[in-house]
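Here is a short tour of the enclosed spaces in this model and of one helix beside them. Have the 3D view open as you read.

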Amino acid sequence: MTAAASTPGHRPRSPRMARDERRAQVLRIAQELFSSEGFHHVSMDDIAERAEVSKPVLYRHFPSKLDLYLAVVDQRGTDLLAAVEEAVRPVETGPVAPGDGRAVVAAIVRAYMTFVETAGESSALLFESDVTHDADVRARVEYASSETARRIAAVLEPVTGLPADDCEILAVALISLAQGAATHRYRTPDDEGHEHAAELVSQLAWAGVQGLIRPDFEYTAG
C-alpha cells in the first residue's frame, strides 16, 4: 500500500490534464451531478471528489458553485440555440418556397427532441432549473429559451402579419409544446423513438401555424 493510499481522508488524484481538458472534465461531472441531484444538493466537495481534484484546483477554474452551475447552463443553452438557429435559417435567409414553413416548424420540434435525447436529464438545467430565486441568475438560466423564442417570433412576424408581441406568444407556445413533448418522451420512452414523436408534434404545431399565415403572403420561390 502506498503512503498516499494509507493517508486517512486522502482524495485520489486524477491524471494531470491541460487546463482546457480539466475544465471540460469538471463541467461534464458537474453537469451529471446537478442534473441528478439538483443545485442545492451538490457541493463543491462532491464535484472535487468525483473529479479527483483538490478544491483549490476546482476553485481556480470556477470561483463558486454558482459560477460552475451557470457555466454548465451556458454550455447546454449554446447547444440548444445553435440547433434552433439552424432550424429557422432557411426562412430567415430565403427564398421561401411552399412547404418551407412546415419544414421549419418540423425542424424546430426536431431540434428540441434531439437536444433532450442527447442532453438527457441535463436538459432540465434549462427547462426546470431550481436556481431562479435571483433575477440576474434567472435571466442567465432562461437566456437560451428567451433567445430561441425571439428568433422564432422574428420568423413568424412577416409570415403571419401579426404584431411582435403576438408572435412572441406564439413562439413561446411552440417552444413549450416541443419542449414538453421532448421531455415526456425522454422520460417515458416507447418503441417508436423520438423521430416518431417529432413527426406527431410537428403535425400538431404546423396545423396551428398554417392557419395564421397571411392570405396575401407571397412565396419567393417554387
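In what follows, Ala, Val, Leu, Ile, Met, Phe, Trp, Tyr, Cys and Pro count as nonpolar, Asp, Glu, Lys and Arg as charged, and the others, Gly among them, as polar. Please keep in mind that this is a predicted model.

**Cavities**

Rolling a probe the size of a water molecule over the atoms shows where empty space is left. Here the count comes to 2 cavities of 30 Å³ or more.

| Cavity | Volume | Lining residues by class |
|---|---|---|
| Largest | about 210 Å³ | 16 nonpolar, 1 polar, no charged |
| Second largest | about 50 Å³ | 4 nonpolar, 3 polar, 3 charged |

Of the 17 residues lining the largest cavity, Gly101, Val155, Val159, Trp206 and Val209 are the closest to its centre. Helices H5 (65–93), H6, H9 and H11 each supply at least two residues of that lining.

The second largest cavity is lined by residues including Val116, Glu121, Phe127, Glu128, Thr183, Tyr186 and Arg187. H10 gives the largest share of this lining, 3 residues, and H7 also supplies at least two.

**Helix H10**

How far apart are the end C-alpha atoms of H10? They are 34 Å apart, which agrees with the span expected for its 24 residues (164–187) at 1.5 Å a residue. Its buried residues include Cys167, Ala171, Leu174, Ile175, Ala178 and Ala182. Residues three or four places apart in an α-helix point the same way, because there are 3.6 residues a turn. Among the elements covering the buried residues of H10 are H6 (100–119), H7 (124–127), H9 (143–160) and H11 (194–210).

**Annotated domain**

An unreviewed UniProt entry places "domain: HTH tetR-type" at residues 20–80. Over that stretch the chain is 80% helix and 0% strand.

How values were computed: Residues are numbered from 1 along each chain as its sequence is written. This is a predicted model: local features need pLDDT of at least 70, side-chain atom pairs count only at pLDDT 80 or more; totals for chains, interfaces and linings use all residues. Side-chain values use heavy atoms; hydrogens and water are left out. UniProt positions are given in the numbering used here, feature names are shortened, and annotations may be inferred rather than shown by experiment. Helices (H or I, at least four residues) and strands (E, at least two) are DSSP runs, numbered from the N terminus. The expected span of a helix is 1.5 Å times one less than its number of residues. Buried means under 20% relative accessible area, exposed over 50%, partly exposed in between (1.4 Å probe, protein chains only). Contact means heavy atoms within 4.5 Å. On a 1 Å grid over the protein atoms alone, a cavity is a set of points where a 1.4 Å probe fits but cannot get out, and a pocket is an open set with protein on both sides within 12 Å along at least five of seven lines; lining residues have an atom within 4 Å of a point. Grid points are joined across faces, edges and corners, and a volume is the space filled by probe spheres set on the points.
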